[in-house]
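User: Hi! I am new to protein structures and would like to learn how to read one. Could you walk me through some features?

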Amino acid sequence: MSEYTLREMMTIAAVREINDGDIVFCGTGISMLAAMAAKHISAPDSFIFFETGAIDSKLEEVPLAVGDPRVMYWTAVNGSLADAFATMQNRFTGRQVVGIMGAAQIDIYGNLNSTSIGDYHRPKVRFPGSGGACDVASFVNRTIIFMSLEKRKFVRTLDYFTSPGWIDGPEGRKKTGLPDGGPSVVITNMGIFRFSSDSRKMYLDSYYPDVTPDRILDNMEFVVDVVDAVPTRPPSDNELQILREKCDPQRLIL
Amino acid sequence: MGASHTKVIDLKSAIETYVPDGAHISIGGFTINRNPMAAVYEIIRQHKKGLHLYAHSNGQGVDELIGAGCVARLEIAYAGSGRFAPTCIRFRKAIERGDIGFEDYSNYQMTLRFMAGAMGVPFLPTRSGLGTDLIRQWGFQKTERQNDIKLPDEKLVVLDNPFGTWADTPKVVLVPAINPDVTIIHVQKADADGLSRINGLPFVDVEQAKASRHLIVTCEELVDTDELKSDPDRNQVPPFCVDAVVHVPWGAFPTACFGRYDYDPAYLNHYKQDAADDIRYKKYLQNFIYGPETHEQLLAKINPAQLDAIRADERTGYATGLDRR
């Protein structure tokens with residue numbers, strides 16, 4: 001087995017969550033790289049799509065923002081924000097969308113904060129805000145969440161509730177009036193979490209080489225079930241080769 | 001139409017005429033793309049105060065207006081400038097210091113708010129935001145809203161679907177319309193009467209343009225009407241929406257303008273460093289904005305080789321191979 005980096009591991013973990021036919025909503029950075037790699041590895045008939053309205057962009061160069069002119073080149077359709085979010089809210093196309101997102105804080109039900117830490121009106125730390133995150137999390141069938149595993153990020157209570165996950169359990173979204181669907185996986189720098197279909201609570205699905213479930217729990221403010229966790233399957237030579245040679249040859253993200 | 005109908009004026013006059021202190025304003029573009037930066041810099045140069053700014057994800061322009069002290073209140077979905085500022089720097093400082101009033105929405109909510117304004121309805125529904133603090137946390141409180149005829153009395157309203165279970169939707173979130181006093185967009189081509197064409201993604205520019213009482217269009221190229229009317233499917237804004245047309249080549253600089261030039265990584269990296277420090281930021285304002293009297297003079301301060309490097313490749317619409325570190 002080849003050597004690989006943590007970022008490569010995380011990217012490949014996301015690639016494995018993308019199925020053929022998915023419409024992949026992504027931001028920039030590692031989420032976009034995962035969407036690009038999925039087209040070469042597991043899901044040749046998936047579509048990359050950005051909240052700015054670009055559908056199926058030919059990403060010859062890595063965009064540094066979702067408003068980067070690089071997302072506008074050789075697309076199927078250059079729509080608008082109104083089109084992009086309608087695609088996700090749409091009761092047919094929205095079911096095909098898998099959203100990739102990140103946040104500053106996450107709770108046990110996969111609800112996210114990307115707004116601020118401390119009091120909302122006079123925060124200790126201010127982040128950029130929802131952007132399209134709340135929209136994606138509200139609408140789409142499935143989301144993949146990237147997080148760095150730290151105690152201040154995996155919290156019991158969010159400082160600000162920006163984007164809905166499973167809210168407070170199996171009936172949470174229904175009671176709230178949200179469409180079906182919700183977070184499916186949380187990919188971190190130490191392991192991968194999923195959500196129980198009964199309780200909708202996060203549990204540890206797998207952990208990376210050189211990491212133990214106990215060390216993972218030490219980095220979280222809340223406790224999750226780890227009994228069924230297994231070692232994560234490392235990236236294969238083929239996955240790594242495609243990621244390195246076809247998706248990010250200049251190593252701008254990796 | 002003869003030349004008497006021209007709406008072409010200079011940028012200084014356009015800002016003097018349509019952007020009074022305290023105006024409710026929105027600007028086009030998205031993060032580091034097609035912000036009407038020449039107009040933003042002219043607003044700063046004229047020391048406009050007390051603006052009420054509506055933004056979805058209009059990154060760089062929003063950050064500079066806030067940094068220069070032009071903004072009193074902000075309604076916003078996202079303040080980031082891609083890799084150059086994951087959170088816009090002067091925005092973050094202003095909020096953490098309590099310098100400006102602010103209220104958070106999502107990008108779709110802001111988009112629909114402009115769309116409602118453009119359509120002439122008081123609100124539009126969406127399923128985005130149910131159960132979140134976007135609904136629970138208000139930046140502007142009830143009394144402030146009731147005492148200000150330019151603010152709706154409520155932030156967002158949750159409504160049971162009045163059509164029962166139609167479309168399998170039990171509840172919707174109503175977002176209130178926005179009708180800014182003035183919107184400024186930057187486009188690739190316009191004619192003297194304001195007919196406008198955007199190349200590349202239009203973002204929310206068209207909804208913002210149509211929602212607004214007044215509209216200033218700044219353009220890379222001022223062209224004959226016939227050139228635009230010979231290919232009408234590609235035009236977005238009709239002349240009757242437009243109050244002023246300003247010809248400003250490089251008018252989105254240092255943000256990108258698809259098919260014309262890329263964002264300038266050198267400028268944005270310098271900005272990032274200057275914005276992080278109050279003293280350096282004052283010097284930045286002096287050197288780059290108050291010092292030059294026009295956008296042309298600001299551009300003259302940029303290394304010509306760098307301007308050349310960010311020129312768009314005809315094939316891709318951006319500067320292929322540009323050093324973006």
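Analyst: Happy to help; below we go from the whole of one chain down to single residues. Keep in mind that this is a predicted model.

User: Let's begin with chain A. How many helices and strands are there in chain A?

Analyst: Chain A has seven helices and 14 strands. Its C-alpha trace spans about 45 × 45 × 35 Å along the principal axes.

User: What does the radius of gyration tell me about chain A?

Analyst: The idea is to compare it with the value for a compact globule. For 254 residues that value would be near 18 Å, and chain A has 18 Å, so the two agree. You can also look at burial: 61% of the 254 residues in chain A are buried. Contacts add to the picture: among those in chain A with a separation of 6 or more, 64% are between residues 24 or more positions apart.

User: And what about the surface and the charges of chain A?

Analyst: The accessible surface of chain A is about 9,700 Å², and carbon and sulfur atoms account for 49% of that. Chain A has 26 positive and 32 negative charges, and the mean positions of the two sets are 3 Å apart.

User: Can we look at one helix? Why is helix α2 of chain A described as largely enclosed?

Analyst: Count its buried residues, where buried means under 20% relative accessible area. In helix α2 (residues 30-40) of chain A, nine of the 11 residues are buried, so the rest of the structure largely encloses it. Among the buried ones are Ile30(A), Met32(A), Leu33(A) and Met36(A). The buried residues of α2(A) pack against several elements of chain A, including α1 (6-15), β5 (97-102) and α7 (237-247).

User: Now a single residue. Is Thr183(B) buried or exposed?

Analyst: Thr183(B) counts as buried because its relative accessibility is 0%. It lies in strand β8 (residues 182-190) of chain B. The side chain of Thr183(B) makes a polar contact with the side chain of Ser26(B), at 2.8 Å. Leaving out residues up to four places away in sequence, Thr183(B) also touches others, including Gln208(B), His214(B) and Ile216(B).

User: Which residues does Thr87(B) touch?

Analyst: This case is a nice one for checking chain letters. Not counting residues up to four places away in sequence, Thr87(B) touches Arg126(A), Phe127(A) and Pro128(A), as well as Ala79(B), Gly80(B) and Arg92(B). Thr87(B) sits in the loop between β3 (71-76) and α4 (89-97) of chain B, and at 15% relative accessibility it counts as buried.

User: What should I look for in the backbone?

Analyst: Start from the general pattern: most residues other than glycine have a negative phi, and most peptide bonds are trans. Then look for departures from it. Thr31(B), which is not a glycine, has a positive phi of about 40°. His47(B) has a positive phi near 55°.

User: Where do Thr31(B) and His47(B) lie?

Analyst: Thr31(B) is in the loop between β1 (24-27) and α2 (37-45) of chain B, and with a relative accessible area of 3% it is buried. His47(B) is in the loop between α2 and β2 (51-55) of chain B, and with 44% relative accessible area it is partly exposed.

User: Which residues does a cis peptide bond join?

Analyst: A cis peptide bond joins Phe253(B) and Pro254(B), with omega about 10°. Pro254(B) is in the loop between β11 (244-247) and α10 (265-275) of chain B.

How values were computed:
Residues numbered from 1 in each chain as written. Chains lettered and ligands numbered in written order. Predicted model: local features only at pLDDT ≥ 70, side-chain atom pairs only at ≥ 80, totals over all residues. Heavy atoms only, no water. Helix = DSSP H or I, 4+ residues; strand = E, 2+ residues; numbered from the N terminus. Rg over C-alpha atoms; globule rule 2.2 N^0.38 Å. Buried < 20%, exposed > 50% of the residue type's maximum accessible area, 1.4 Å probe, protein only. Contact = heavy atoms within 4.5 Å. Areas by Shrake-Rupley, 256 points an atom, 1.4 Å probe, with all protein chains shown as cover. Lys, Arg positive; Asp, Glu negative; His and termini not counted. Charge placed at Lys NZ, Arg CZ, Asp CG, Glu CD. Polar contact = N/O pair within 3.5 Å; in protein donor to acceptor, adjacent residues only side chain to side chain.
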